[in-house]
Amino acid sequence: MNKFLKEALAYIDDRFKLSALLELAKEKKVPEHKHSIWYYFGGICLFLFVIQVITGILLLLYYSPSVDSAYESVQTLMSRVKFGWLIRSVHSWSANILIGAIFIHMFSAFFLRAYRKPREFTWISGFFLLLIFLAFGFSGYLLPWNELSFFATRVGTDIAGTVPLIGHALKNFILGGPEISDITLPRFFWFHIAILPLFTVVILGVHIILVQVLGMSKPISLSDNKVREVPFFPNFILKDMLGWLLILVLIGVLCVFLPWEIGQKADPFAGTPLGIKPEWYFTFMFTTLKIVPSHILFIEGEVLAILGFMVGGLLWMLVPFLDKKASKEKKSPFYTWIGAFILLYIIVFTALTYLVPDI
Amino acid sequence: MNRRNFINIFLGSSLVGTIVSFLYPVVRYILPAKRIEASIKKVTAARLGELAPNSYKIFKFGTAPGILIHTQTGELRAFSAVCTHLTCNVLYESETETILCPCHNGRFDLSGNVISGPPPAPLESYNVEISGEEIIVSRKT
């Protein structure tokens, strides 16, 4: 290393104490065992979030959040702006992969009981991050103002409208009125680029601090054994970066061979297009709403289904407090069965959406 | 109450009052304003001869869509095009002569009644009358 560089680094280090941070990263240890692969999904989520931020900022340069010009601005971006198609496709594909990675991260944490004492709030903050990223997906879906996104938003916000007591006010708040109008699009844009990122920074910050403070959880089955540990820097981070590289390659391939479509411009006074469905991560709920009867006893079927999802979500969030055995470092097979059932339900109903569209 | 308590309560409530007075305009700003729109009772949905038998048209009825159907037997029928399930726009399926909501496969007959699927209520039906060359649709009173 030449003298000038050394001096420059020493100058920076004197002022920012970066070497102390590096020492901390070297001291930090990560358990290594047969289930270690699941640890990497947290880092993958973070990496994909960074991609979302960068591509999102780039998209802001050309996107126009108004009913009259949103679709046209996306059209221009895709067809006339150099690499506009690439930036938008990376944003859309990585958003979808991010939600998938969050689901994998969440279910792996569930099955490995990573939520157990003292990590209850790591789990809860992660659950809120899932909700925030679903909201990111939902609000971002409308922004191109195409017919699929328009009707998906209509259905989605109507679902919010059926929530008991607060549903009507909630729908009104989200849409900026009783139905989708010229006010709705700027509002969704506001949620997507200002409010949700603000929540993300705070909750993601809490989540990451908790992971750093409490360290990574070891599975109960290995808690009695002495588990090998590796330094976070460089051993773990290098493997983490290999995962990021693979994800980046996957995104690149998807963008080149399957660039994100624009669809048809939304027309509130046109019939809903046949074969309409939401983004894949909402399809299990979508298909449930399709097959639920119009009335179950005296309650409307859709209201009951939505209430079921809400109660299920709440119990899922509170699982660290419900699974008493895990908090005492004992195995809890009952919760494994519950998790397996929920996972199977999500997979089957998602598959049904695509394989049996006329269900 | 001693002087210290009084001052604590006084300063505390002043602080709360100040925060509320700052937040109130922000909350009111975020909550959507009510839009005053004239309630439309009658519209021209189509011109006579515009629709072939066994076809349909979506028309604008105020701020919501309506559906006008020219049936196989030559009748004109009109309904709200907003599905009673989760507010997707319905369309007319000529092969089955039924009204379909493609979002969750809700199906209605030509009287607007639910035949199958999750919709909990029939479609709102409208009056149809012909005035000269125009097909007029109006709300039932």
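These questions and replies go through a predicted model with chains A and B.

Me: What makes the confidence scores of chain B readable at a glance, and what are they?
Reply: Chain B averages a pLDDT of 90. A score of at least 70 is reached by 98% of the residues. The scale runs from 0 to 100. For the model, ipTM is 0.72 and pTM is 0.87.

Me: What makes up chain B, read along the sequence?
Reply: One helix and ten strands. The pattern is α-β-β-β-β-β-β-β-β-β-β.

Me: How do you know whether chain B is a compact globule?
Reply: Set its radius of gyration against the rule. A compact globule of 141 residues would come out near 14 Å. Chain B has 26 Å. The value does not fit the rule for a globule. The box around the C-alpha atoms is roughly 90 × 35 × 25 Å along the principal axes.

Me: How many of the residues of chain B count as buried?
Reply: Of 141 residues, 29% do. The cut-off is 20 or more other C-beta atoms within 10 Å.

Me: What share of contacts in chain B join residues at least 24 apart?
Reply: The share is 35%, among contacts between residues at least 6 apart in sequence.

Me: Why are strand 5 and strand 8 of chain B said to stand at the edges?
Reply: The open sheet of four strands has the order 5-6-7-8, with antiparallel pairing. Strand 5 (91-93) and strand 8 (114-116) each have a single partner strand, so one side of each is left without a neighbour in the sheet. The twist averages 40° from one strand to the next.

Me: How do you know that strand 6 and strand 7 of chain B pair?
Reply: Pairing needs at least two bridges. Strand 6 (residues 98-101) and strand 7 (residues 106-108) have three, in the antiparallel sense. Cys101(B) has Gly106(B) in strand 7 as its bridge partner.

Me: What does each chain bring to the contact between chain A and chain B?
Reply: Chain B gives 23 residues and chain A gives 30 residues. The side of chain B that touches chain A has 15 nonpolar, six polar and two charged residues.

Me: Why is Leu297(A) called exposed?
Reply: The cut-off for exposed is 12 or fewer C-beta neighbours. Leu297(A) has 6 inside 10 Å, so it counts as exposed. Leu297(A) sits in the loop between strand 3 (295-296) and strand 4 (299-300) of chain A.

Me: Why is Asn54(B) called partly exposed?
Reply: Buried starts at 20 and exposed ends at 12. Asn54(B) has 15 C-beta neighbours inside 10 Å, so it falls in between and is partly exposed. Its place is the loop between strand 1 (42-47) and strand 2 (55-61) of chain B.

Me: What makes phi of Leu297(A) and of Asn54(B) worth a note?
Reply: Most residues other than glycine have a negative phi. Phi of Leu297(A) is positive, near 55°. Phi of Asn54(B) is positive too, near 60°.

Me: Which peptide bond that leads to Pro118(A) is cis, and where does Pro118(A) lie?
Reply: The bond from Lys117(A) to Pro118(A) is cis, with omega near 10°. Pro118(A) lies in the loop between helix 5 (84-111) and helix 6 (120-142) of chain A.

Me: What kind of peptide bond joins Phe233(A) and Pro234(A)?
Reply: A cis bond, with omega about 5°. Pro234(A) is in helix 10 (residues 232-257) of chain A. Most peptide bonds are trans.

How values were computed: Residues are numbered from 1 along each chain as its sequence is written. Chains are lettered from A and ligands numbered from 1 in the order in which they are written. This is a predicted model: local features need pLDDT of at least 70, side-chain atom pairs count only at pLDDT 80 or more; totals for chains, interfaces and linings use all residues. Helices (H or I, at least four residues) and strands (E, at least two) are DSSP runs, numbered from the N terminus. Axes are lines fitted to C-alpha atoms, for helices over the stretch in contact, and angles run from 0 to 180 degrees between N-to-C directions. The radius of gyration is taken over C-alpha atoms; the globule rule is 2.2 Å times the number of residues to the power 0.38. Two residues are in contact if their C-beta atoms, placed from the backbone, lie within 7 Å. Ala, Val, Leu, Ile, Met, Phe, Trp, Tyr, Cys and Pro count as nonpolar, Asp, Glu, Lys and Arg as charged, and the others, Gly among them, as polar. pLDDT is the predictor's confidence in each residue, from 0 to 100.
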